[in-house]
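User: I have a protein model to study. Can you take me through it in short steps?

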Amino acid sequence: MSGTSLGHAALRTSFARNDADFPESYRNDPDRPERISDHDIPVAYFAFPQADLSITKSGSPATVVTGANVTYTVTVTNNGPHSAPGVTVTDVLPAGLSFVSCDSTGSGVCGGAGNSRTVTFTSLAANQSATITLTATLDCNATDGTVLMDTASVSGGPFDPDSTNDSASASTAVSNPAPVISGASAGPAVLS
């Protein structure tokens with residue numbers, strides 16, 4: 001039975017020889033683990049698929065005026081070595097932004113509600129990347145000088161050997177200066 005194929009994750013089986021390969025003199029020695037049983041233990045060898053998913057993110061423009069749009073570009077990559085089924089990218093836009101649109105390459109399907117957005121991929125092949133574009137409008141009541149931090153994360157697929165690259169953030173500075181009034185004057189003729 002040694003070397004028998006067991007399917008995708010199981011590589012082979014064999015037997016641990018903890019009985020027959022040791023001298024009979026070990027049988028009655030209480031300090032020896034050999035020859036305790038008259039059965040050889042079966043051993044199975046498994047290989048589980050892995051896919052190192054990673055994500056990067058950028059925002060444009062770096063400083064956005066209230067009422068204008070900011071565009072976030074998210075790139076999700078399967079660094080392999082295996083295909084990654086059921087990949088989901090999650091992005092919750094920060095307060096101060098209002099979701100406008102979502103677009104994706106690589107057959108990604110945009111979903112979610114309000115500022116809580118998701119993009120799902122049926123599968124992402126090894127060494128394949130997909131780009132997601134999220135557009136949002138900066139609210140008019142945003143405080144000048146505030147820095148908005150937006151984070152996206154990726155999950156799904158088989159075992160990910162490196163989780164340190166599963167999220168990425170981009171910052172956007174708010175420009176909402178107080179209005180400047182110029183050329184205004186008042187005199188007695190104007191006031192009456």
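Analyst: Start with one term: a contact means heavy atoms within 4.5 Å. Keep in mind that this is a predicted model.

User: Which residues does Asn-78 touch, not counting residues up to four places away in sequence?

Analyst: Asn-78 sits in strand E5. Residues up to four places away in sequence are not counted. What remains is Ala-51, Asp-52, Leu-53, Ser-83, Ala-84, Leu-124, Ala-125, Ala-126, Asn-127 and Gln-128.

User: Is Asn-78 buried or exposed?

Analyst: The cut-off for buried is under 20% relative accessible area. Asn-78 has a relative accessible area of 0%, so Asn-78 is buried.

User: Which backbone oxygen does the side chain of Asn-78 reach?

Analyst: Leu-124 is among the residues that Asn-78 touches. The side chain of Asn-78 comes to 2.8 Å from a backbone oxygen. That oxygen belongs to Leu-124.

User: Why does Val-70 count as buried?

Analyst: Val-70 is found in strand E5, which spans residues 69–81. Buried means under 20% relative accessible area. Val-70 counts as buried because its relative accessibility is 0%.

User: How far apart in space are Val-70 and Val-100, C-alpha to C-alpha?

Analyst: In sequence, Val-70 and Val-100 are 30 residues apart. In space, C-alpha to C-alpha, the distance is 9.7 Å.

User: Which residue of strand E12 does Val-70 touch, and which residue stands opposite that one?

Analyst: The contacts of Val-70 include Ser-60, Pro-61, Val-64 and Thr-172. Thr-172 is in E12. Standing opposite Thr-172 is Leu-148.

User: Along strand E12, which side chains point to one face and are buried?

Analyst: Strand E12 covers residues 167–175, and its side chains alternate. Ser-167, Ser-169, Ser-171, Ala-173 and Ser-175 point to one face and are not buried. The buried ones, on the other face, are Ala-168, Ala-170, Thr-172 and Val-174.

User: Which strand runs parallel to E12, and which runs antiparallel?

Analyst: Three bridges join E4, residues 63–65, to E12, and these run parallel. One bridge pair here is Val-64 with Val-174. Seven bridges join E11, residues 147–155, to E12, and these run antiparallel. So the parallel one is E4, and the antiparallel one is E11.

User: How many strands does the protein have?

Analyst: From the N terminus on, the elements run β-β-β-β-β-β-β-β-β-β-β-β-α. The α at the end is the one helix. The strand count is twelve.

User: What share of the residues in the protein is buried?

Analyst: The protein has 192 residues. Val-70 and Asn-78 are among the buried ones. The buried share is 28%.

Key: Residues numbered from 1 in each chain as written. Predicted model: local features only at pLDDT ≥ 70, side-chain atom pairs only at ≥ 80, totals over all residues. Heavy atoms only, no water. Helix = DSSP H or I, 4+ residues; strand = E, 2+ residues; numbered from the N terminus. Buried < 20%, exposed > 50% of the residue type's maximum accessible area, 1.4 Å probe, protein only. Polar contact = N/O pair within 3.5 Å; in protein donor to acceptor, adjacent residues only side chain to side chain. Pairing = 2+ DSSP bridges.
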